[in-house]
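Reader: I'm new to this one, and I'd like a close look at a single spot before anything else. Could you walk me through it and then show me what lies around it?

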2 protein chains.
Amino acid sequence: MTHHPFDEAIALSAAGDGATHPAWANMVGPFGGITAATLLNAAWVHPQRLGEPLALTVNYAGALVDGAFRVDARPVRTTRTTQHWIITLHQGGEVTTTATAVFAIRRDTWASAELVAPAVPPAAEVAVTPAPGRVVWPERYEMRFVHGPWVRFAPTAAPALADDSLTALWIRDEPPRPLDALALTALCDAFYPRIFRRRGTFTPAGTVSMTVHFHAGATALAAQGTRPVLGVARGQRFAQGFFDQHAEVWSDGGELLASSQQSVYFKA
Amino acid sequence: MTHHPFDEAIALSAAGDGATHPAWANMVGPFGGITAATLLNAAWVHPQRLGEPLALTVNYAGALVDGAFRVDARPVRTTRTTQHWIITLHQGGEVTTTATAVFAIRRDTWASAELVAPAVPPAAEVAVTPAPGRVVWPERYEMRFVHGPWVRFAPTAAPALADDSLTALWIRDEPPRPLDALALTALCDAFYPRIFRRRGTFTPAGTVSMTVHFHAGATALAAQGTRPVLGVARGQRFAQGFFDQHAEVWSDGGELLASSQQSVYFKA
């Protein structure tokens, strides 16, 4: 265990006890990405764990507030090559977060990449944008926006609708930390709500459900080291109080590392 | 309750008892889409259910074989506008399938469609392709392929790699049945494994996890009636024994009804 704030935040006792970490604070409670990584970590550190993450769905059922919580991770079915988990996070006698995770043993097979990484300038040629300072967690990432940077909310200005809700950025943990499936999980939630960008104004919004599919194993993730990865996210449809948010995370070598899909509540 | 084979297949007793239905048979056990719809139905018919489906993740943990099973659906957290479920399907003393579902109350808000439906000929101008007859469940759909039809396996021919794994088709239940979230769930799994198309040959494959995000409420789905919807699916990356499968389902009026993401095992 390092003293990196990421590892501190996702740490759990053998009984599953953890606590929110001030370095990952959101407006209310912690950043959803660190909660997702904490739930995955409960399976990751479990003595019965088989293989590595393949798919994770995290559902934000109720508000998680600053303080202690307990995570219960249960392997409900293990086959020769896959393992299925049901994971719940409890706080104050209530379930605040649910998850299912699939772990699997990867092996060499026929392989083909169909989706190609978008053509963007390399990270070194893109300026770092400081976190906007409204909440703490963005300071845990170094962000270099290629398209669709942080929306600067001007309270007196009228909303300025954008043509799309797309964001593309080079991103890495701050301070740097070698990439693994846990950090990748949190990264998939590090895109600010697409409705901020699309409507050009602050809109109350919160993730209800996030699914991450992991396309790369531990070896490929370790090879990425602490270099920035390319994240791309956009919404597909905004309607009746909810929108979706699709994201891909690419290695700097153009390898698709993860794809993610969210359903997000909004009030507008 | 109608006598439609879809409703027969997803039917559950008050205690959650159900059984596989021969009209939905796959190579081994039932079509995964009908299993997903059955798990969602367990929450749908539950006396404590609030709202309508927003997000569903179904994990295929172990083989479900023909015969009886029991579904346990538990609402673990209900707020004013959302409800979170953990659902498990048991057979022979083992968990074969797990799911989480989020139900929500939709309401009128600001709305915007960012993703646009692909330009394809209307259903009436596209010929119906008969099911290939290898398994039963495709006979439960009328399929009109615009792109990437069923792969006709020629056992003696060498694999013919395709440039992409894309399929686009007009599809409806056969016999016709008015669209709802349950039927839409099954539809999201009605695309044959993308690796069949990409490699041009039969490849052992099975869905490990499927997530469906519902973009349209009951009123919009009911308005679609029994007319075909447009389904589009493709794989993004095939590697180390797994590939993903992204899909969208559109109304014939160009409204995004659902988007879906799968992680699929393969052997090649």
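Reader: Let's start with B:Q240: does it count as buried or exposed, and how many C-beta neighbours does it have inside 10 Å?

Author: Sure, and keep in mind that this is a predicted model. B:Q240 counts as buried, because it has 21 C-beta neighbours inside 10 Å and the cut-off for buried is 20 or more. You'll find B:Q240 in the loop between β11 and β12 (242-250) of chain B. Its backbone has a quirk, too: phi is near 50°, a positive value, and B:Q240 is not a glycine.

Now hop over to the other chain. A:Q240 is in the loop between β11 (237-239) and β12 (242-250) of chain A. There phi is positive as well, at about 50°, again in a residue that is not a glycine. A:Q240 is buried, with 21 other C-beta atoms within 10 Å.

How do the two chains relate? Chain B can be superposed on chain A by a rotation of 180° with 0.0 Å of shift along the axis, and the RMSD is 0.0 Å. That's what a two-fold axis does. Both copies use the same surface, too: 100% of the contact residues of chain B recur in chain A.

Let's stay with β11 of chain B for a moment, since it leads into the loop we began with. Strand β11 (residues 237-239) of chain B pairs with strand β6 (residues 112-113) of chain A, antiparallel, over two bridges. If you want a place to look, find A:S112, which stands opposite B:F238 in β11(B).

That pairing joins one chain to the other, so to speak, and here is the contact as a whole: 52 residues come from chain B and 53 residues from chain A. On the side of chain B that touches chain A, β5(B) gives the most, with six residues. Sorted by class, that side of chain B has 18 nonpolar, 23 polar and 11 charged residues.

For one residue from β5, try B:V95. This valine is in strand β5 (residues 94-104) of chain B. It counts as partly exposed, because it has 17 C-beta neighbours inside 10 Å. Leaving out residues up to four places away in sequence, B:V95 touches A:V76 and A:R77 from chain A, along with B:A61, B:T88 and B:H90 from chain B. B:V95 and B:V71 are 24 residues apart in sequence, with 9.6 Å between their C-alpha atoms.

B:V71 turns up again when you look at B:I87. Setting aside neighbours within four places in sequence, B:I87 is in contact with B:V71, B:D72 and B:A73, and also with B:L39, B:A42, B:A43, B:A99 and B:A101. B:I87 also has a place in the largest nonpolar core, which has 153 residues. The residues with the most contacts inside that core are A:I87, A:L184, B:L40, B:I87 and B:L184. As a general point, nonpolar side chains tend to be buried together in soluble globular proteins.

The strands around there are worth tracing by eye. In chain B, β3(B) and strand β4 (residues 82-91) pair in the antiparallel sense over eight bridges. The two form a hairpin, with three residues between them. Look for B:R77, which stands opposite B:H84 in β4(B). Strand β3 (residues 68-78) of chain B has another antiparallel partner, strand β1 (residues 17-19) of chain B, over three bridges. In that pairing, B:A19 stands opposite B:A68 in β3(B).

For a helix, switch to chain A. Helix α2 (residues 32-44) of chain A has 13 residues and spans 18 Å from its first C-alpha to its last, close to the 18 Å expected at 1.5 Å a residue. 13 of the 13 residues of α2(A) are buried, so this helix is largely enclosed by the rest of the structure.

Two more stops. B:L169 is in strand β8 of chain B, and it counts as buried because it has 26 C-beta neighbours inside 10 Å. Not counting residues up to four places away in sequence, B:L169 touches B:M143, B:R144, B:F145, B:V146 and B:G231. Follow the chain past that strand and you reach B:P175, in the loop between β8 (167-173) and α3 (181-187) of chain B. The peptide bond between B:E174 and B:P175 is cis, with omega about 0°. Chain A has a cis peptide bond between A:E174 and A:P175, also with omega about 0°.

Terms used. Residues numbered from 1 in each chain as written. Chains lettered and ligands numbered in written order. Predicted model: local features only at pLDDT ≥ 70, side-chain atom pairs only at ≥ 80, totals over all residues. Helix = DSSP H or I, 4+ residues; strand = E, 2+ residues; numbered from the N terminus. Buried ≥ 20, exposed ≤ 12 C-beta atoms within 10 Å, placed from the backbone. Contact = placed C-beta atoms within 7 Å. Nonpolar A, V, L, I, M, F, W, Y, C, P; charged D, E, K, R; others polar. Pairing = 2+ DSSP bridges. Least-squares fit on C-alpha atoms with pLDDT ≥ 70 in both. Core = buried A, V, L, I, M, F, W, Y, C linked by C-beta atoms within 7 Å. Expected span 1.5 Å × (residues − 1).
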